[in-house]
Amino acid sequence: MLCRLGGRWLRTLPALQLRAGYPPLAPVPTTGAKRPTLPVWAVAPVSAVDGNGWYEALAASSPVRVAEEVLLGVHATTGLPWWGGILVSTVALRGAVTLPLAAYQHYILAKVENLQPEIKAIAKHLNKEVAVRASQLGWSKRVARLTYLKNMKRLVSEIYVRDNCHPFKATVLVWIQIPVWVFMSVALRNFSTGATHSEAGFSVPEQLATGGTLWFPDLTAPDSTWILPISVGVINLLIVEIYALQKIGMSRFQTYITYFVRAVSVLMIPIAAAMPSSLVLYWLCSSFMGLSQNLLLRSPGFRQLCRIPSTKSDSETPYKDLFAAFYSKFISRK
């Protein structure tokens, strides 16, 4: 059976299913399904590791030791004071690890965005097919809706597989960036408190005590001026606002997440004020690199260099548009 859609003749869903080897469209059963039970390990209580607690286990873990060795290696190789070594380590990690992953994330999201017209057309056509079948077979509204959702999910998944752009791939950045941030933070805290597990790191606390600069000469002590903690909070808020400004018509869930991240950014200020300056300096450098990375990935030239597909939402003047949106929201608002 054929139908006309978007100026082209397309096969209807039953014909497509038969041709592709899929069984005919059938209602989704709503009763008699047995809910899976959780395995025993999923509900077992979490106990302390060797009686020392989870943080002690993390601080002595292999990834943290690797982070300590990276910091020591950069410091020894460059000959820079510790504040410079922390800065160079952060820039190197962000440039070599998270920037390529962020470019890949934008690549996947751009391909997904370009598929939305096709997905919307399929959804419209499938909705008509399900309505016809529901009328012929006397399905209830619930059965018809579940059948539509099940088949739509399958068809969309096939499109993502076809174009090799499943949205889950865009989350790779998060699964890499957050652990690296945690391991580096714990490694610097170990150095600052003398709790390092690296053989070459036992003299580091004394070096950090004189390895700072400007208003924070002692990297093992908190920043009494609060300049570093406040800077961390402000830059994180800027990153959140830039993300929010580029999203038009956010869902309720996205709005809640945005407010949550704003709250976390503000909460980080007093937390950072109680941490060693070496740790807060790393947070500041990491956040600044994240802000720079966010702005860089808006550049049409850089996106073209990374072979990120053009999308309908792209702008030829992204920085001008961003400034105009920021000015309209926070400065000229009456």
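**Notebook: surface, salt bridges and R298**

I began with the outside of this predicted model, where the accessible surface of the protein comes to about 20,600 Å², and 65% of that belongs to carbon and sulfur atoms. I then looked up the overall make-up and found 14 helices and two strands, with buried residues accounting for 35% of the 334 residues. For the contacts between residues at least 6 apart in sequence, I noted that 73% join residues at least 24 apart.

Next I looked for nonpolar side chains on the surface, and found a patch formed by W226, I230, V234, L238, F323, F326, Y327 and I331, which together have about 740 Å² of accessible area. Helix 10 (227–246) and helix 14 (318–330) each supply at least two residues of this patch. I checked one member, Y327, which lies in helix 14 and is partly exposed, with a relative accessible area of 40%.

I turned to charged pairs, and a search of the whole structure gave five salt bridges. One of them joins E118 and R162, whose closest N and O atoms are 3.0 Å apart. E118 lies in helix 6 (residues 116–137) and R162 in helix 7 (residues 141–162), so this pair ties together parts that are 44 residues apart in sequence. R162 also meets D163 in a salt bridge, at 2.7 Å from N to O, and I therefore recorded E118, R162 and D163 as linked in a network of salt bridges. Within this network E118 is partly exposed at 31% relative accessibility, R162 is exposed at 51%, and D163 is partly exposed at 22%.

Another salt bridge is formed by the side chains of R303 and D314, at 3.8 Å from N to O. R303 sits in helix 13 and D314 in the loop between helix 13 and helix 14, 11 residues apart. I noted that R303 counts as buried at 12% relative accessibility, whereas D314 is partly exposed at 35%.

Last, I asked myself what the surroundings of R298 are, given that R298 is buried yet has no salt bridge. R298 is placed in the loop between helix 12 (277–296) and helix 13 (300–305). The nearest side chain of opposite charge, D321, is 7.3 Å away, and a salt bridge would need the atoms within 4 Å. A polar atom of the R298 side chain does lie 3.5 Å from the backbone oxygen of I242. Leaving aside neighbours within four places in sequence, I listed the contacts of R298 as I242, Q246, R303, P318, Y319 and L322.

Conventions: Residues numbered from 1 in each chain as written. Predicted model: local features only at pLDDT ≥ 70, side-chain atom pairs only at ≥ 80, totals over all residues. Heavy atoms only, no water. Helix = DSSP H or I, 4+ residues; strand = E, 2+ residues; numbered from the N terminus. Buried < 20%, exposed > 50% of the residue type's maximum accessible area, 1.4 Å probe, protein only. Lys, Arg positive; Asp, Glu negative; His and termini not counted. Polar contact = N/O pair within 3.5 Å; in protein donor to acceptor, adjacent residues only side chain to side chain. Contact = heavy atoms within 4.5 Å. Patch = residues over 30% accessible without salt bridge, like charges linked within 9 Å, V, L, I, M, F, W, Y side chains within 5 Å. Areas by Shrake-Rupley, 256 points an atom, 1.4 Å probe, with all protein chains shown as cover.
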